[in-house]
Each structure stands twice: as structure tokens, then as C-alpha cells.
Amino acid sequence: MTGRPIRVLILGGTAEARELAQLLDEDDDFAVLSSLAGRVANPRLPVGQTRIGGFGGVDGLTAFLSGIDVLVDATHPFAATISRHAAAAAQRTGTPVFAVVRPQWSAAPGDRWTRVPTVAAAATELSARRGGTAFLTTGRQDVHAFAALDAWRFLIRVVDTPAGSLPKRHTLIHDRGPYLIGAETALLRENAVDVLVTKNSGGDLVSAKLEAARMLGVEVVMVDRPPRPGVPTEPSAASAHARLRADL
């Protein structure tokens with residue numbers, strides 16, 4: 001123990017980050033600061049102290065870590081850039097670091113998955129087909145990859161409206177999880193969805209769409225996660241809190 005609370009910086013924006021912030025806020029041995037990228041107009045804010053916005057790359061995060069005892073990367077599994085920056089900045093400063101990485105989804109009996117390495121590869125996969133209706137849930141920053149696929153009608157679910165190019169035939173659905181299996185099944189059925197395109201983000205908040213696709217026999221084009229930097233990981237907020245307490 002240092003005689004003062006351990007200063008923890010959580011790189012957040014996920015349910016796990018909010019849960020960990022709650023656990024640390026209730027623990028007198030820690031002082032927690034959560035950082036959000038600011039890409040969502042009205043983000044769900046964690047309890048405790050919060051900052052919103054980037055750090056200015058590895059150099060900026062390195063400087064910021066001068067007042068931090070432990071860095072926790074609890075960003076989205078597809079937030080590859082900030083995860084790389086976190087690992088590099090922690091190495092420069094000698095700051096202890098680990099990541100909270102929720103388990104990936106795995107195909108279950110009855111699933112019809114085609115796995116692809118990137119969103120661009122998912123668009124290429126659709127371009128090789130004759131067309132139909134695709135339910136796109138990869139996030140607003142990736143919609144532009146599908147803009148030229150005129151043979152497809154897209155049902156696009158986002159929190160905020162995409163800023164880039166959009167497919168010629170599309171319908172935007174502004175919503176955020178958690179989602180229920182009944183509503184997801186109805187959405188796929190009523191829109192005659194042929195293919196669900198999604199990222200392997202894992203977790204329970206948005207997994208109902210996969211169950212609905214399985215029930216209806218809808219094919220899934222699943223984008224694999226990008227490689228992660230070589231830092232230790234924990235699968236949940238609870239295990240992350242336990243790790244921090246064990247290191248006191």
C-alpha cells in the first residue's frame with residue numbers, strides 16, 4: 001500500500017468499463033478516472049470522474065500517465081488503435097497495464113457463419129453474391145465500406161448517424177443495446193433479412209441478434225477481432241477488480 005488510493009485510469013466506453021468504474025468507486029483503496037473517446041454523441045457515462053476525448057497519440061498518453069498508478073484498457077475489442085497506444089505508453093512509462101477483454105462469440109449448432117478478417121472483407125464477401133437484404137451492425141464508422149454495393153438493401157443499426165457515404169438502398173435504425181431475442185427475431189423476419197453482418201464483439205448486450213439469426217436460418221458474416229497487443233487480460237470487470245486488489 002502507498003498510504004493513498006491507487007490511481008487507476010480506465011480506457012472505457014464498454015459495459016465492462018462502467019462496471020469496473022462502479023466497483024472501484026465503491027472501493028476506498030482506489031481513485032478511478034474513466035476516459036471515453038468521445039465518438040458517441042450521448043455516451044453512457046460511468047460513475048466517478050470522467051474525461052472525454054483523445055490523448056494525442058502515444059506521446060500524449062505517455063505524458064498523461066505521469067499521474068497514474070495502473071492503466072486498464074477496457075475499450076471495445078475492435079478499438080485496436082487505442083489498445084496499441086495504451087500498451088506502448090505503458091511500456092515507455094513502466095506503468096502496470098492489463099486489458100479487460102470479454103470472451104468472443106463462438107458458432108453454435110445451427111449457425112451459418114462465414115468468418116472474415118476485416119469489415120472490408122465482409123463487403124467483398126457480399127459483393128460476390130447476387131444481392132438481397134443485409135442487416136448491418138458493424139458501427140457507423142464502417143458503413144462506407146458497403147456504399148458501392150447497389151445489389152443489396154441495407155438495414156443499418158447505429159447509435160449516431162454515419163458521417164460517410166451510405167449505400168444507395170438503406171434504412172437507418174437508431175438504437176443501442178441491450179436487445180431482446182423476440183424483438184430481434186421480429187426485426188429479421190419483418191425485413192426479410194438474408195444476411196447479418198456483424199463484428200465479433202462478444203458479450204450479452206447485443207448477442208440476441210445471433211440467436212435470432214440461428215432460429216430463422218439467417219446467414220451471418222462475422223468479422224474477426226483484430227490482433228491485440230501482448231498485455232495481460234481479464235475476462236470481466238469482477239476479475240479485473242480482483243486483480244487490482246491482489247496487487248495492492
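Both Asp142 and Lys199 are buried, and in this predicted model their side chains meet in a salt bridge, with 2.6 Å from N to O. The two partners come from distant parts of the chain, since Asp142 lies in the loop between strand 7 (132–136) and strand 8 (152–158), whereas Lys199 belongs to strand 10 (residues 195–199), and their positions lie 57 residues apart in the numbering. The general idea behind such a pair is that side chains of opposite charge can pair when their charged atoms come close.

This pair is one example from a wider set, for a search of the whole structure finds 16 salt bridges. Another of them joins Arg129 to Glu125, where the closest N and O atoms are 2.6 Å apart. Here the surroundings can be described residue by residue: Arg129 has a relative accessible area of 24% and is therefore partly exposed, and Glu125, also with a relative accessible area of 24%, is partly exposed too.

A further salt bridge is formed by the side chains of Glu234 and Arg243, at 2.8 Å from N to O. Glu234 counts as buried because its relative accessibility is 15%, which falls under the 20% limit for that class, while Arg243, at 26% relative accessibility, counts as partly exposed. Salt bridges can also share partners, and in this way Arg112, Glu125, Arg129 and Glu219 are joined into one network.

Arg243 leads on to another feature of the model, as this residue is also part of the lining of the second largest pocket. That pocket holds about 160 Å³ of space, and two elements, strand 5 (97–100) and helix 7 (237–246), each give two or more residues to its lining. Among the lining residues are Ile6, Phe30, Val97, Phe98 and Leu244, together with Asp69 and Asp247. When the lining is sorted by class, nine residues are nonpolar, three are charged and none is polar.

Stepping back to the chain as a whole, the reader can follow its division into domain 1 (6–102 + 227–247) and domain 2 (113–223). The numbering of domain 1 is thus given in two stretches, with domain 2 falling between them. How far apart are the centres of domain 1 and domain 2? Taken over C-alpha atoms, the centres are separated by 29 Å. The domains nevertheless touch, for 11 residues of domain 1 are in contact with 14 residues of domain 2.

Definitions and conventions. Residues are numbered from 1 along each chain as its sequence is written. This is a predicted model: local features need pLDDT of at least 70, side-chain atom pairs count only at pLDDT 80 or more; totals for chains, interfaces and linings use all residues. Side-chain values use heavy atoms; hydrogens and water are left out. On a 1 Å grid over the protein atoms alone, a cavity is a set of points where a 1.4 Å probe fits but cannot get out, and a pocket is an open set with protein on both sides within 12 Å along at least five of seven lines; lining residues have an atom within 4 Å of a point. Grid points are joined across faces, edges and corners, and a volume is the space filled by probe spheres set on the points. Helices (H or I, at least four residues) and strands (E, at least two) are DSSP runs, numbered from the N terminus. Ala, Val, Leu, Ile, Met, Phe, Trp, Tyr, Cys and Pro count as nonpolar, Asp, Glu, Lys and Arg as charged, and the others, Gly among them, as polar. A salt bridge is a side-chain nitrogen of Lys or Arg within 4 Å of a carboxyl oxygen of Asp or Glu. Buried means under 20% relative accessible area, exposed over 50%, partly exposed in between (1.4 Å probe, protein chains only). Domain bounds come from an automatic or database domain assignment. Contact means heavy atoms within 4.5 Å.
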